[in-house]
Amino acid sequence: MKMPIISVITPSFNKGAFLEEALNSVLNQTFKDWECIIMDDGSTDNTREIGEEWSLGDKRFKYYYQENGGVSNARNSAISKASGTYMLPLDADDNIHEDYLRKIVSAFQKNPKLQLVTSRIQKFGYAQDEYVLPEYSYKRLLYSNCFSHCSAFKKVDWERVGGYDEEIPSLEDWEFWIRLLDAESEVYKIQELLFNYRKHKTDSLSNRFYSDPDFYFGMYDLVYAKNKALYDVYFPRPIIAFQHREELLAFNNKIKNTLVFKMYTFLKRTKKQLGF
């Protein structure tokens with residue numbers, strides 16, 4: 001049996017209400033040499049019913065069930081079962097443009113040195129604008145995620161770095177990119193909106209960050225602690241960097257309190273309100 005070129009990795013924990021939309025976006029791809037691993041992460045909704053139905057209807061969809069282990073564990077479990085050369089994580093409540101797989105595979109085949117292929121991101125649901133992430137450099141990646149979780153990589157690279165860290169309860173994709181890449185890695189961003197990211201009315205992660213900032217900063221501390229050797233190379237003098245930041249903030253606040261800056265801000269705001 002011919003092995004698929006790319007595997008779409010779709011974990012689902014009680015996302016049955018959205019799962020078929022995600023699977024339809026895979027089914028409608030212009031590139032056909034794929035498989036989709038549906039990993040039911042202990043769902044109590046209709047995820048099993050949907051997954052089994054789709055796996056019976058098209059053998060490229062493969063459904064598995066496991067006890068709830070979290071998204072990193074579900075992705076790792078699914079990737080371990082995947083047969084493709086390239087992996088594309090797709091959460092069960094998101095979907096992809098019909099040309100995404102074709103353009104991912106084309107990019108990897110044109111440049112075998114690529115380690116990651118991504119695209120621009122379109123929000124849908126309770127927001128309709130583009131989700132803009134910082135432009136990538138490896139140093140920037142160490143302090144700010146530059147890629148969506150729906151970015152493609154090679155299975156051999158996933159094996160090389162040991163997969164997603166299952167001990168991190170959040171920011172797991174960002175931490176994975178940090179280990180997957182280095183300063184010499186080649187990445188490619190498709191300049192089209194090919195990943196559709198669903199914005200829910202209430203974003204549980206954002207709500208947690210606002211209501212519990214210690215959790216938010218704790219996640220950053222955890223990413224740092226697990227990759228301290230890398231941070232020591234790129235940011236060898238954190239105390240000096242912090243001092244410079246404090247000096248810059250003090251200077252910035254001083255400028256904002258000047259009469260000239262206040263007048264400029266007032267005129268700019270008035271101009272905007274008048275439609276100029």
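Arg-75 is buried in this predicted model, with a relative accessible area of 2%. Its side chain forms a salt bridge with that of Asp-91, at 3.3 Å from N to O. Arg-75 belongs to helix H3 (residues 71–81), while Asp-91 sits in the loop between strand E4 (86–89) and strand E5 (95–96), so the bridge ties together parts that are 16 residues apart in sequence. Asp-91 has 17% relative accessibility and therefore also counts as buried, the cut-off being under 20%. Salt bridges with shared partners extend the pair into one network of Arg-75, Asp-91 and Glu-172.

The structure holds 18 salt bridges, among them two pairs with more accessible area on show than the buried cut-off allows. One of these joins the side chains of Glu-130 and Arg-120 at 2.9 Å, N to O. Glu-130 is in strand E7 (residues 130–131) and Arg-120 in strand E6 (residues 114–125), so this bridge ties together parts that are ten residues apart in sequence. Glu-130 is partly exposed at 30% relative accessibility, and Arg-120 is partly exposed at 25%.

Another salt bridge links Lys-226 to Glu-167, with an N to O distance of 3.0 Å. Lys-226 lies in helix H9 (residues 213–226), and Glu-167 in the loop between helix H6 (155–161) and helix H7 (172–180); the pair therefore ties together parts that are 59 residues apart in sequence. Lys-226 is partly exposed, with a relative accessible area of 31%, whereas Glu-167 counts as exposed at 60%.

The nonpolar residues come next. In soluble globular proteins, nonpolar side chains tend to be buried together. Here the largest nonpolar core has 35 residues, and those with the most contacts inside it are Ile-6, Leu-88, Ile-96, Tyr-100 and Ile-104. Helix H4 (residues 100–110) gives the most to this core, contributing six residues. Beyond its neighbours within four places in sequence, Ile-6 is in contact with residues including Phe-31, Trp-34, Tyr-86, Leu-88, Leu-101, Ile-104 and Val-105. A second, separate core of 29 residues includes Ala-82, Met-87, Phe-153 and Phe-215.

Gln-29 is a polar case to set beside these. This residue is found in the loop between helix H1 (16–27) and strand E2 (34–41), and Gln-29 is buried, with a relative accessible area of 0%. What does the side chain of Gln-29 reach? The partner is the backbone oxygen of Ser-25, at 2.8 Å. Not counting residues up to four places away in sequence, Gln-29 touches Trp-34, Ile-96, His-97, Glu-98, Asp-99, Tyr-100 and Leu-101. Of these, Ile-96 and Tyr-100 are among the residues with the most contacts inside the largest core.

Notes. Residues are numbered from 1 along each chain as its sequence is written. This is a predicted model: local features need pLDDT of at least 70, side-chain atom pairs count only at pLDDT 80 or more; totals for chains, interfaces and linings use all residues. Side-chain values use heavy atoms; hydrogens and water are left out. A nonpolar core is a set of buried Ala, Val, Leu, Ile, Met, Phe, Trp, Tyr and Cys residues joined through side-chain atoms within 4.5 Å. Buried means under 20% relative accessible area, exposed over 50%, partly exposed in between (1.4 Å probe, protein chains only). Helices (H or I, at least four residues) and strands (E, at least two) are DSSP runs, numbered from the N terminus. Contact means heavy atoms within 4.5 Å. A polar contact is a pair of N or O atoms within 3.5 Å; within protein, one must be able to donate a hydrogen and the other to accept it, and residues adjacent in sequence count only if both atoms are side-chain atoms. A salt bridge is a side-chain nitrogen of Lys or Arg within 4 Å of a carboxyl oxygen of Asp or Glu.
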